[in-house]
Amino acid sequence: MHANTGKILRINLDDNSISVFSPDEELYKKYIGGSGLAAKLFYDMADFNCPALDPQAMLIFMNGPLAGVKFSGTSRMSAAGRSPLTNIFAESSCGGHFPPQLRYAGFDGIIITGKAAKPSLIHITRGKAEIVDAGWLWGTPISTANEKIKTKFGTQSKSLVIGPAGEHLVSFACILSNAHHAFGRCGFGAIMGSKNLKAIVIDHQNFNQSYYDSAKLHTLTNEITPRIKEHIFTQVLNDFGSAGNLEGHMYTGDVPIKNWSENFNEEMAENLTGSTISERYLTRKASCAHCVVACKRIIRIEDSPFAISEGPGPEYETVAALGCMLNSSDLAAVCKAGRVCNDLGMDSISAGATIAWAMEAFEKGHLTLHETDGIALEWGDLCTVIEKVLPAIAARKGNLGMLLSHGSKKAAEHIGNNSISYTAQSKGLEAPMHDPRGGGHGHALAYAVSPRGACHVSTAMHFMETGACNYPEIGFEFDLEALTDEKKPETMVLAASIGSIENSACFCQYADRPLSFNEMLELVNLSSGYGHTLDSFIEAGLRIFHLKRLINHRYGTVRADDALTERMLEPAREGDGAGILINFESMLNKFYSLMNFDDQKGIAKEETLRKLDLL
Amino acid sequence: MSKYYKNTEELYQIYGYFLEKVLGDPKIGPKIAKSGIIIKFIYTDPDAEITIDLKNKPDKEGVYGSFYLGKCDIEPDVWSKQPADHSHRFWHGLENPIAGVTKGIIKQGGKVTAMLKLLPVIKSTFQQFPIILKEIGREDLIVTK
């Protein structure tokens, strides 16, 4: 076996048993790694009757084959399991420095079941792991926990840590790696919390990987790297971070404002865009392992009511979710809110979207002061959000904290009044900060059919629709017109496969933009020796997409769940998409037909599943 | 062979008139000038160069930037090279600049991130381009979807 180690740690926290498990080598090729391999192992090994936060629930961390390769955007990994937010199978991707260290330590992944008797952490060194007491970390914010871990295990150690929100089982609690890189979505922090698992720590390891063809891999990465450095995406990301084009997105109507009720605000665009963050608060840039893009921001804010010490700055999604969605143009406040969210350990997208929904509900009188514990939820009031709302959610304290800790869908179902109509979510997962009504109608289809719920990275539609992909080698070389349904279902078929490949090979969707599809294939083959052809690679991507849909069907999802809310489909009032209706049902019907989906069940028909070796 | 432009002079005539209008527009002009950059557009088929100076004080009253048709010595902060026909369609709002860069139709250099602030603003000029073509009697060059 090359690149992969063929070894996965299995840890049962009930009895502290630790073993090493080696999946069939053929599975690596068929499911690539990362979220694909995790989905396959979950499908084969998980107890489907097990609630998301049950001690026996399975939590998987899985590297892609490229983790550890000295190349931009490939040292990522996936978390997978049943989401406490959506109650279906979910995944979340994270970069940083943990994935290559896990690989260098000799493991491709970790499968965790059981619940520790007391707060614990998993400590991994080369070839082995141990479960140790973490009482000294429990209750600490993520940044504090990260510092304590570095003091105890060394400054070069890498960690995955949950915050108070994870400990209190907030449905959208996240996991942060080294207090910066996030497994943000779907509530994996709560799963760790439910297992009394505060952290996973890995000692620094030296590089020690073997590849299928090291010489050719080295030549290829050397050839591509200058192109990545020069690419306009890289330059924007490096100069201004992932919020670099917020202003541009705003002018198309792609940025949801005030809980998806508005689409344009010139002052907000200028104040919150990435160049403003860089000009005002950037102290330095940071990157994931081996990456030349360096899109991460390190910021400091002084002389402000929202002052923060030097540390991680917000990503685009955080800026839009805690700024635009809450109708605030106050950049310092948004950065502070992002920092608080990180420290408490909550997904900023779900947190922002859920609070935005609550603000609208409060405005409409669907939430009263009784239900908010006397807190007035006013648009743009980030002071209240920072000081009262976020801490209440993380602690699941009071009526408001408890209500919002379940996410917007469950909160809306709880208060009724058809307030579900103005949530922005699919399958219970709050939509990311790209509004299909302005950003592109294909996004709407992608949000609806994405296995984990409203998501713009589980498929490649977002980048294909915006013009950032050109893959003539697999037939994608045409331009898509954003605000129509033309060619969107056809593109979605390819997008489903490409997205599954990206999340399984664990490519960063920023750093891989300058790559051709052939180069992505070559990188995987030269490192792992899988020997995929273009056709088998695309087929593997489709297999993974279908498998995730199959898992979720076992959890009860059907076609009716491939839906968006009224708010997401009502015509936008501003931006390029103002007044235009999304032809959603027509796109969905065509996609179902192209994927050979059963019209009711929402999964592929038997012949397709057999062809893909899923039956 | 260009579909829209017979020669370089014709391109300069059209873009010269267009830029006069846009850089003199009291609504759009100041927003464009806010970018504060010098940008050079290089066209192929027909070959042409246009430099727009949004950094230095304009050379005329009542405008918010200066432009130069043909080769000039001003050092640009950023340059963009593309076929003239692609640019013609772009100014009609019919070309996606991200797709143009992705496919290598548009080449860029220099401080390309400086153009970020310009792109959203110039969208509002897309409606004006066909109007100015009409004003100078070149309705034949108006492109529709």
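1. Let's start with the domains of chain A. In this predicted model, the assignment splits chain A into domain 1 (8–202), domain 2 (241–418) and domain 3 (429–611). If you measure from C-alpha centre to C-alpha centre, domain 1 of chain A and domain 3 of chain A are 26 Å apart.

2. Next, the contact between those two domains of chain A. On one side are 37 residues of domain 1 of chain A, and on the other 30 residues of domain 3 of chain A. For the domain 1 side, at least two residues each come from α1 (25–31), α2 (34–45), β4 (77–82) and β5 (89–94) of chain A. Helix α2(A) has the largest share of that side, with 8 residues. Sorted by class, the side of domain 1 of chain A that touches domain 3 of chain A holds 17 nonpolar, 14 polar and 6 charged residues.

3. You may enjoy the pair α7 (residues 214–230) and α22 (residues 517–528) of chain A. Their axes come within 9 Å and cross at roughly 150 degrees. An angle over 145 degrees counts as roughly antiparallel, and α7(A) and α22(A) are therefore roughly antiparallel to each other. Their crossing is left-handed. Helix α7(A) contributes A:Lys216, A:Leu217, A:Leu220 and A:Ile224, while α22(A) contributes A:Glu519, A:Glu522, A:Leu523, A:Leu526 and A:Ser527. The class split for this contact is 5 nonpolar, 1 polar and 3 charged.

4. A second helix pair in chain A is worth a look alongside that one. Helices α19 (residues 441–449) and α25 (residues 584–594) of chain A pack at about 60 degrees, and their axes are 10 Å apart. The two helices, α19(A) and α25(A), are therefore oblique to each other. The crossing of α19(A) and α25(A) is right-handed. From α19(A) come A:Ala444, A:Leu445, A:Ala448 and A:Val449, and from α25(A) come A:Phe584, A:Met587, A:Leu588 and A:Phe591. The contact of α19(A) with α25(A) has 8 nonpolar residues, with no polar and no charged ones.

5. Finally, the contact between the chains. Here 14 residues of chain B meet 17 residues of chain A. In chain B, α4 (97–102) and α5 (118–122) each supply at least two residues of the side touching chain A. Helix α4(B) gives the most to that side, with 4 residues. By class, the side of chain B that touches chain A comprises 7 nonpolar, 4 polar and 3 charged residues.

Methods: Residues numbered from 1 in each chain as written. Chains lettered and ligands numbered in written order. Predicted model: local features only at pLDDT ≥ 70, side-chain atom pairs only at ≥ 80, totals over all residues. Axes fitted to C-alpha atoms, helices over the stretch in contact; angles between N-to-C directions. Parallel < 35°, antiparallel > 145°, perpendicular 65-115°, else oblique. Left-handed = near helix turned anticlockwise from the far one by under 90°. Contact = placed C-beta atoms within 7 Å. Nonpolar A, V, L, I, M, F, W, Y, C, P; charged D, E, K, R; others polar. Domains from an automatic or database assignment.
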